[in-house]
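Q: Could you take a close look with me at one part of this structure? I am new to this, so please go step by step.

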Amino acid sequence: MKMFLNGQPANASDGATIEVTNPATGALIETIPSATEDDIKAAVAYAKAAQPTWAKVPVHEKADILMKFLDLVARDHERRDGQAHRRGTGGDLEHPHRVPRLCRAREAPLR
């Protein structure tokens, strides 16, 4: 797995990683980048640079982007939930991506 900097997948600048393990079994679930302070500063700088453009995006388009993101989270969650079952790491995980969908009915007034 990678982190994202300026919209691009990236490793930690020093190559350091963190192993995420199942606390019940000790099985490796994922290896993720261990962001350095410089990585975090870069992420904040990229976000600040992007903010003026993002501020110009109409709120209904932002809502559409968020819903697309949530669709991708749901798709990947289902894929990972299946992997969790195969690895014996549980599965039946919470579905936090469902919560914002409860507000979808409010999307119409945003247009």
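Is Glu37 buried or exposed?

A: Happy to help! Keep in mind that this is a predicted model. Glu37 is exposed, with a relative accessibility of 55%, a value that passes the cut-off of over 50%.

Now let's see what Glu37 does there. Its partner is Lys41: the two form a salt bridge, and their closest N and O atoms are 3.2 Å apart. A search of the whole structure turns up one salt bridge. Why can these two residues pair up along the chain? Both belong to helix H1, which covers residues 37–55, and because they sit four residues apart, about one helical turn separates them.

How far can we trust this region? Within the protein chain, confidence is highest in H1, with a mean of 96, and lowest in helix H2 (residues 59–87), with a mean of 77. For the protein chain as a whole, the mean pLDDT is 81, and 71% of the residues reach 70 or more.

Helix H1 also holds Asp39, and here the picture changes. Asp39 is buried and has no salt bridge; Lys41 is the nearest side chain of opposite charge, yet it lies 11 Å away. What does the side chain of Asp39 reach instead? It comes to 2.9 Å from the backbone nitrogen of Thr36. Setting aside neighbours within four places in sequence, Asp39 is in contact with Met3, Leu5, Ala12, Ser13 and Ser34.

Terms used:
Residues are numbered from 1 along each chain as its sequence is written. This is a predicted model: local features need pLDDT of at least 70, side-chain atom pairs count only at pLDDT 80 or more; totals for chains, interfaces and linings use all residues. Side-chain values use heavy atoms; hydrogens and water are left out. A salt bridge is a side-chain nitrogen of Lys or Arg within 4 Å of a carboxyl oxygen of Asp or Glu. Helices (H or I, at least four residues) and strands (E, at least two) are DSSP runs, numbered from the N terminus. Buried means under 20% relative accessible area, exposed over 50%, partly exposed in between (1.4 Å probe, protein chains only). pLDDT is the predictor's confidence in each residue, from 0 to 100. Lys and Arg count as positive and Asp and Glu as negative; His and the chain ends are not counted. A polar contact is a pair of N or O atoms within 3.5 Å; within protein, one must be able to donate a hydrogen and the other to accept it, and residues adjacent in sequence count only if both atoms are side-chain atoms. Contact means heavy atoms within 4.5 Å.
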